Each structure stands twice: as structure tokens, then as C-alpha cells.
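Student: Can you walk me through reading burial and ring pairs in a model like this?
Tutor: Sure, pull it up and we'll go feature by feature.

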Amino acid sequence: MNISLKTQESPAGDVISPGLEGVVAAETVLSHVDGAAGRLILRGHDLEQLDGWSFERVLALLWRDLAPENAGEAEIRARLGAARVRAFERMQPALAALAALSTVEGLRLLLSLLPDSETESHHLVAVASVPVFAAAIARRHQGLEPVRPDPDRGQADDFLTMLHGVSQSPGNVRALDTYLVTVADHGLNASTFAARVIASTKAGLFSSVIGGLCALKGPLHGGAPGPVLDMLDAIGDADNIRPWLIQALDRGERLMGFGHRIYRVRDPRADALKRAVAGLDDPGVRIGFAEKVEREALALLAARKPDRPLETNVEFFTALVLEAVGFPRDSFTNVFAAGRMAGWTAHVLEQERAARLIRPQSRYVGPVPD
């Protein structure tokens with residue numbers, strides 16, 4: 001049986017797009033991705049205009065007129081702090097079960113402790129819980145005990161403190177804050193669409209965002225930052241950059257951190273994170289080496305594939321930021337979820353207001369009985 005993977009027209013005249021390219025499935029006020037122009041808009045703001053914003057301020061922007069409380073940045077910061085403490089207490093009985101699970105599976109388990117019957121400020125509870133759970137999972141995988149949250153800290157600051165057990169430098173906190181802001185929302189990507197589909201059934205916010213996490217777990221969506229570091233490790237030193245990249249391209253391999261399904265020009269999130277890298281208190285030699293790899297890779301890709309734009313994407317500098325602030329590679333997806341939970345919750349709230357079950361059709365290509 002052959003099933004086409006290309007957009008086509010059915011005998012009935014329906015347009016079939018297996019990857020749903022070009023299919024509009026929702027109207028949203030939350031974000032717009034203009035791949036041709038390399039532009040990301042969050043509720044009327046270009047991503048560049050959010051430079052210097054805290055994650056809490058972006059949450060206030062995304063949740064505005066969708067969440068019942070319409071809280072501002074300061075109130076959200078205080079309520080997130082209190083909710084992180086409650087999440088820490090809630091996860092304690094389940095910690096022993098984390099040993100047999102991967103980091104993402106562990107986060108999935110802990111999020112499942114949040115009951116959909118708990119509807120008061122459920123969007124805020126979901127966002128507050130992820131850094132608590134992700135930091136605890138990372139520490140457990142290192143044989144360390146979880147660190148209790150400090151409700152007086154901001155989300156990024158407390159995330160790093162819970163990970164390391166001690167306060168981190170202001171530059172590293174700013175870098176993580178920038179990362180969380182940069183990945184907060186990005187149109188109707190696979191995980192956000194999954195969350196909206198589940199929300200449309202009235203399953204509840206926690207069920208919906210867990211569905212988003214399950215979509216994010218797949219290696220084709222948000223799974224490249226770790227392999228970027230694997231690539232840098234494999235290259236080894238500056239003298240080997242060009243030969244290694246040429247050999248990889250000759251083998252038909254993809255260069256990790258370059259190219260994007262939507263962006264035809266440079267990913268604007270890459271620029272935001274490159275600025276975050278520059279603001280690290282101690283960038284170290286890895287950053288300079290990575291920038292040399294980026295320059296050489298872009299030159300080779302432009303020469304080899306002049307008709308196919310392959311620019312630096314968000315994953316390249318994500319890898320550098322998250323490594324520099326101390327996250328282990330197997331935690332990168334969970335940190336991504338900590339930022340994207342902002343968008344997932346906002347989209348769920350928006351979909352719940354739409355009150356419409358998402359129910360597309362398929363075209364049957366199997367046998368028909370006589």
C-alpha cells in the first residue's frame with residue numbers, strides 16, 4: 001500500500017496535505033511565524049522587542065484576557081514562587097519512580113500528578129511546576145537530592161538554583177531568562193497543535209499540556225540541541241572544523257543547528273540567543289569555537305546548496321546557552337518544555353474559549369468490500 005506524502009487533490013476535490021502545510025486550523029492572537037521574512041510576533045511584539053523582558057512579563061502578555069485573573073508581571077512572579085513550593089511538596093511521593101525513566105518520561109510522570117479537577121490557576125500551576133520537576137529529575141539522575149524552591153526568586157533564577165543547589169551568576173540567570181522568553185511560543189507547531197486538539201475535547205489543561213510534552217519528546221520537534229553539542233564534540237578542534245563539515249556533507253548528513261522547516265531566512269530566535277550567549281558571565285572557549293563552526297558551516301551550505309536557504313536555527317545557540325548555564329544534555333527537552341509551557345497554556349486557554357472540537361477528515365485509501 002502506497003500513501004502519498006505530498007500535497008495532492010483527492011478525487012472529490014479536497015486538498016490533502018499530509019504534513020498539514022498551508023492548512024489553517026485555528027485563529028490565534030498569541031503568535032505569528034513569518035518564515036519568509038524571518039519574523040516571530042508574540043501578541044503584537046516582534047521577538048526583538050522582547051529583548052530584556054522577563055519570562056514573567058511574557059507570561060502576563062500571553063495570558064492577557066485569556067486567564068481569569070489578568071495578572072501583571074509582579075503578581076505572576078509572586079504566584080509562580082508560591083506554586084513552585086506546592087509543586088515541590090506534591091512531587092515527593094513520586095521521586096522513587098524516576099530511576100527507571102528518562103528525563104522526559106520523568107517529567108511526564110510528575111506532570112501527571114496534577115489533577116485536571118484542579119482548575120483554579122491551573123495554567124500558572126503548570127508553568128510553575130516544570131522547573132521544579134525538571135531540576136529535581138536532573139539532580140536525581142546525578143545521585144543528588146532535589147533542592148527546595150525559593151518563592152522569592154524569579155522563575156529563571158530559581159530554576160538554576162534548584163539545579164545547582166546554590167545561587168548562580170546574574171549573567172547566567174539572564175541567559176536562561178532570555179531562553180525561556182525566546183521559546184515561549186512559536187505558532188501552531190506540533191506540540192502546541194497537540195495541546196489544542198486535546199483541549200478541544202474539554203479534557204482539561206494538565207492533560208492538554210502533557211500531550212504537548214509527549215509531542216515534544218519526539219526527535220523531530222525540539223530534539224536537536226543535544227546533537228549540536230555532539231557535533232561540536234566530534235569536530236574536536238578548530239583545525240578539524242572544515243574537513244569534518246565537508247566529510248559530513250559528502251555523506252549526505254544534516255548539520256545540526258542549521259535549517260528550519262518554516263524559516264527560509266535566519267531564525268530570529270537564533271539571534272536572540274546569540275545575544276544571550278554574549279551576555280554570559282564566562283562564555284569560555286566553547287563559545288568561540290562554536291562561532292567558528294557556525295561561520296564555516298554557513299559558508300559551506302551556501303556554496304553547496306545555493307537554492308536552499310539553510311541558516312542557523314534556534315537549536316544551535318540553545319545548545320550553547322543551556323550547556324553554559326549547567327544543564328546536562330538529557331535535560332534540554334525538559335528546559336524547552338519549561339519555556340514552551342507558557343505558549344501551551346495560553347493556547348489551551350484560547351482553545352477552551354473557542355469551544356469547538358477539532359475534528360479533521362482523512363481520505364480512505366484502503367480496500368472497499370464488494
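Student: Is Phe317 buried or exposed?
Tutor: Keep in mind that this is a predicted model. Buried means under 20% relative accessible area. Phe317 comes out at 0% relative accessibility, so it counts as buried. Phe316 is buried too, at 0%.

Student: How many aromatic pairs are there?
Tutor: Ring pairs are judged by the distance between centres, then by the angle between planes. The count here comes to 3 aromatic pairs. Take Phe258 and Phe316: their ring centres are 5.3 Å apart and the planes sit at 50°, so that pair is tilted. It ties together distant parts of the chain, with Phe258 in the loop between helix H10 and helix H11 and Phe316 in helix H13, 58 residues apart. Both Phe258 and Phe316 are buried. For Phe316 and Phe317, the centres are 5.2 Å apart and the planes at 80°, so we call that one edge-to-face. Ring pairs thus join Phe258, Phe316 and Phe317 into a cluster.

Student: Which ring does the charged end of Arg57 sit over?
Tutor: For a charge over a ring, check the distance to the ring centre and the angle to the ring normal. The charged end of Arg57 lies over the ring of Trp53, 3.7 Å from its centre.

Student: Why is helix H5 largely enclosed by the rest of the structure?
Tutor: Burial can be tallied along a helix as well. In H5, residues 155-164, 9 of the 10 residues are buried, so the helix is largely enclosed. Its buried residues are covered by elements including helix H1, helix H2 and helix H14. Just past H5, Gly165 adopts a positive phi of about 85°.

Note on methods
Residues numbered from 1 in each chain as written. Predicted model: local features only at pLDDT ≥ 70, side-chain atom pairs only at ≥ 80, totals over all residues. Heavy atoms only, no water. Buried < 20%, exposed > 50% of the residue type's maximum accessible area, 1.4 Å probe, protein only. Helix = DSSP H or I, 4+ residues; strand = E, 2+ residues; numbered from the N terminus. Contact = heavy atoms within 4.5 Å. Phe/Tyr/Trp six-rings, centres within 6.5 Å; stacked < 30°, edge-to-face > 60°. Lys NZ or Arg CZ within 6 Å of the ring centre and 35° of its normal.
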